[in-house]
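Please look over the chain and its ligand before reading the report. The text is meant to be read beside the 3D view.

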Amino acid sequence: MGTTITLTVVATSETVANTALNAGFATVAEMERLFSSYRQDSVLAQVNRAAGGEPVSVPGDFVTLALLARKATEVSEGAFNPLVGPAVRLWGIPENPRVPDEAELTALRPLVSDPQGLAIDEFSHRVRLREPGMALGYGGIAKGFTADKVTEVLQGHGIAGGIVAIAGDIRVFGTHPDGTPWRVGVRPPREGEGSGPLATLEMTGGAVSTSGDYERFFELDGVRYHHILDPRTLWPAKAGTVSVTVTAHSGALADALATALFVMGPVEGLALAERMPRVEALFVDTTGTQSATSGWPGTEFLREPPANGLRD
Ligand code: AMP
Ligand code: MG
């Protein structure tokens, strides 16, 4: 995935741990084969190449993620939009960064703005991008979804507790061997500014995701262009936000919402998080000021009983 992945497990023996970890990393590889934007042989690349053409048969997990992403688009009123794919490509962040012409962005807008741009047939497991030139990018949700899948696989291998961390998307289950909760630190967005974590979450369940303007960006003439685009303008979201951290019960939800809330900015973003059950959020703005939902960080759902192997 081009990111750091750390799996931590508590197991009854080294053999159990190793078998589970191998299965966990195999699941990461499997999800990468489905959702990678960088690989020409991913299922996602296949769907993008077929834009405007015939429906493409995809594995069930692809349909599941596509439906979750669609839900995220609905709840965020379009702030989360995987159809920003062509614009992400145009900006070329981080490989070939450049600032596109306004005319180039204008030409892409119709390919992004149609919420029905992706047709999903959840019964026959086929998907289709309606217009040539449309492209999906699941970079804003796939890591959290993968963390959920890996968690399920580890639990299926008898692992009672662990942490699945895929870059800034973290899923936790169970406890340390002595029964104490895992402690997950939320790093301050600008390294070197202040010391210590922004927050330390004590977790036995749930997920935490952070989206920030510091993850992937380039600078030109003193302006920072980062990788989270406002689907309305197709420019990097400009709400004065440096980072958004979201806690939720599932990794896919935390991941998608962190991206969405970053686009929405603190006023609308915090209002949305307040409305959603089992979702809390913390914003840090360019002056270092923090603002959070009233229930942040969501102690209740982050301290669920140790997982029993069933999907939550
Ligand atoms: P994240 O780090 O989870 O916030 O995801 C950022 C990635 O999601 C970017 O690198 C893009 O590939 C993609 N992306 C950018 N803007 C959006 C958006 N508004 N909605 C959904 N995905 C986006
Ligand atoms: Mg995200």
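The report below covers the domains, the two sheets, the helix packing, the ligand shell and two backbone details. The model is predicted.

**Domains**

The domain assignment of the protein chain gives two parts: domain 1 covers 43-129 and domain 2 covers 144-302. Taken over C-alpha atoms, their centres are 23 Å apart. In the contact between them, 20 residues of domain 1 meet 18 residues of domain 2. On the side of domain 1 that touches domain 2, the elements giving two or more residues are α3 (60-75), α4 (85-91) and α5 (102-112). By class, that side of domain 1 has 16 nonpolar residues, 3 polar and 1 charged.

**The sheet of 3 strands**

One open sheet has 3 strands in the order β2-β4-β3, and its pairing is antiparallel. The edges are formed by β2 (56-57) and β3 (118-121); each has a single partner strand, so one side of each lacks a neighbour in the sheet. Strand β4 (residues 126-129) runs antiparallel to β3, and 4 bridges join the two. In this pair, Ala119 stands opposite Arg128 in β4.

**The sheet of 7 strands**

Another open sheet has 7 strands, ordered β1-β5-β6-β9-β12-β13-β14, again with antiparallel pairing. Its edge strands are β1 (5-10) and β14 (290-292), each of which pairs on one side only. From one strand to the next, the twist averages 10°. Within this sheet, strand β9 (residues 207-212) pairs with strand β12 (residues 241-248) in the antiparallel sense over 6 bridges. Ala207 stands opposite Ala248 in β12.

Two helices lie against these strands. Helix α6 packs on the sheet and touches β1, β5 (161-166), β6 (169-173) and β9; the direction of α6 makes about 25° with that of β6. Helix α7 lies across β6, β9, β12, β13 (279-285) and β14, and runs at about 125° to β12.

The table lists the two strand pairs described above.

| Strand pair | Sense | Bridges | Opposed residues |
|---|---|---|---|
| β3 and β4 | antiparallel | 4 bridges | Ala119 and Arg128 |
| β9 and β12 | antiparallel | 6 bridges | Ala207 and Ala248 |

**Packing of α1 with α6**

Helix α6 also has a helix partner. The axes of helix α1 (residues 14-35) and helix α6 (residues 142-156) come within 9 Å and cross at roughly 150°. The crossing of α1 past α6 is right-handed. From α1, the residues in the contact are Ala20, Ala23, Gly24, Thr27, Val28, Met31 and Phe35; from α6 they are Ala142, Thr146, Lys149, Val150, Val153 and Leu154. The residues of this contact comprise 9 nonpolar, 3 polar and 1 charged.

**The shell around ligand 1**

Which residues come nearest to ligand 1? They are Gly139, Gly140, Ser211, His227 and Thr259, out of 19 residues around the ligand. Helix α7 (residues 251-275) supplies the largest share of the shell, 4 residues. By class, the shell around ligand 1 divides into 9 nonpolar, 7 polar and 3 charged residues. Both domains take part, since the shell draws at least three residues from each of domain 1 (43-129) and domain 2 (144-302). Helix α7 thus appears twice in this report: it gives residues to the ligand shell and lies across strands of the sheet.

**Backbone details**

Two places in the backbone deserve a look in the 3D view. The peptide bond from Trp296 to Pro297 is cis, with omega near 0°. Pro297 is in the loop between β14 and α8 (299-302). At Ala167, phi is positive, about 50°, although this residue is not a glycine. Ala167 sits in the loop between β5 and β6.

Terms used
Residues are numbered from 1 along each chain as its sequence is written. Chains are lettered from A and ligands numbered from 1 in the order in which they are written. This is a predicted model: local features need pLDDT of at least 70, side-chain atom pairs count only at pLDDT 80 or more; totals for chains, interfaces and linings use all residues. Axes are lines fitted to C-alpha atoms, for helices over the stretch in contact, and angles run from 0 to 180 degrees between N-to-C directions. A crossing is left-handed if the near helix is turned anticlockwise from the far one by less than a right angle, and right-handed if clockwise. Two residues are in contact if their C-beta atoms, placed from the backbone, lie within 7 Å. Ala, Val, Leu, Ile, Met, Phe, Trp, Tyr, Cys and Pro count as nonpolar, Asp, Glu, Lys and Arg as charged, and the others, Gly among them, as polar. Domain bounds come from an automatic or database domain assignment. Two strands pair if DSSP finds at least two bridges between them. A residue is near a molecule or strand if its C-beta atom, placed from the backbone, lies within 6 Å of it.
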